[in-house]
Amino acid sequence: MARYTDAVCRLCRREGMKLYLKGDRCYTDKCSIARRNYAPGQHGQSRKKISNYGLQLREKQKVRRIYGILENQFRLYFEKAERIKGVTGENLLRLLEQRLDNVVFRMGFGNSRNEARQLVRHGHFTVNGKKVDIPSYQIELNDLIAVKASSKNSDKFKELAEAAAAKTAPQWLSVNAEMMEARVISLPVREDIDMPIEEHLIVELYSK
């Protein structure tokens, strides 16, 4: 499957904010935003007035990059969100939050969504007892997401479990770090998404 493979720190600089794409590094003074808080490229430091379209485009790009999704797939998520009853922008974010790779990240078993995606692709997680290696798999209410039994004894997952125990999971997940599993006790709502996202700009962009 196609995915972005270039330096992810450039993405944070382009959006002018931390997207937390490199996990713990983003919280240190090594973060590129802390050192070079301007867009990459020859004209990155020049100041330009941004049009309404530019604001809408940047918001869409920011959300795509937070969740690690390419353009065509993101548009499919938007079209699905339009068909669901409710507010389209909130439906879109809810669908993205219910991706398996994001849920693994929210469990604390991954320093970044990219690492969580890699762990899922390598078949380390099960959903309701069945191995699932598709990062975009949609998690539903009452699903049980767990580390595969054969992976639990590895040093990697022992470290991840210790890290997960120290993290605060969102309210819609009940995480048992010791057992290396989590139960979806409710579906995510807008208040559960703590990133500064203005989803109405994305709706305006795609509604043109």
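## Working through the sheet and the core

Strand 3 (residues 144-147) and strand 5 run antiparallel and are joined by 3 bridges. A quick note before the exercises: this is a predicted model, where local features need pLDDT of at least 70, side-chain atom pairs count only at pLDDT 80 or more, and totals for chains, interfaces and linings use all residues. Residues are numbered from 1 along each chain as its sequence is written, and side-chain values use heavy atoms, with hydrogens and water left out.

**Exercise 1.** Work out which residues stand opposite Ala-182 of strand 5.

*Solution.* Start with the terms: strands (E, at least two residues) and helices (H or I, at least four) are DSSP runs, numbered from the N terminus. Two strands pair if DSSP finds at least two bridges between them. Now take strand 3: its Ile-145 has Ala-182 as bridge partner. Then go to strand 4 (residues 173-176), which runs antiparallel to strand 5 (residues 181-184) with 4 bridges. Here, Val-175 is the residue opposite Ala-182.

**Exercise 2.** Lay out the strand order of the sheet and find its edges.

*Solution.* The sheet is open, has 5 strands with antiparallel pairing, and reads 2-1-3-5-4. Strand 2 (130-131) and strand 4 sit at the edges with a single partner strand each, so one side of each has no neighbour in the sheet.

**Exercise 3.** Compare the settings of Met-180 and Asn-128, two non-glycine residues with positive phi.

*Solution.* First, Met-180: phi is near 60 degrees, and the residue lies in the loop between strand 4 and strand 5. That hairpin has 4 residues between the strands. Met-180 is buried (under 20% relative accessible area; exposed is over 50%, partly exposed in between, with a 1.4 Å probe and protein chains only), at 7%. Next, Asn-128: phi is near 55 degrees, in the loop between strand 1 and strand 2. Asn-128 is partly exposed, at 44%.

**Exercise 4.** Trace what builds the largest nonpolar core.

*Solution.* A nonpolar core is a set of buried Ala, Val, Leu, Ile, Met, Phe, Trp, Tyr and Cys residues joined through side-chain atoms within 4.5 Å. This one has 25 residues, and Phe-109 and Ile-145 are among those touching the most other members. Elements giving two or more residues include helix 6 (100-107), strand 3 and strand 5. Helix 6 supplies the largest share, 5 residues. Finally, look at Phe-109: leaving aside neighbours within four places in sequence, its contacts (heavy atoms within 4.5 Å) include Val-104, Phe-125, Phe-157 and Met-180.
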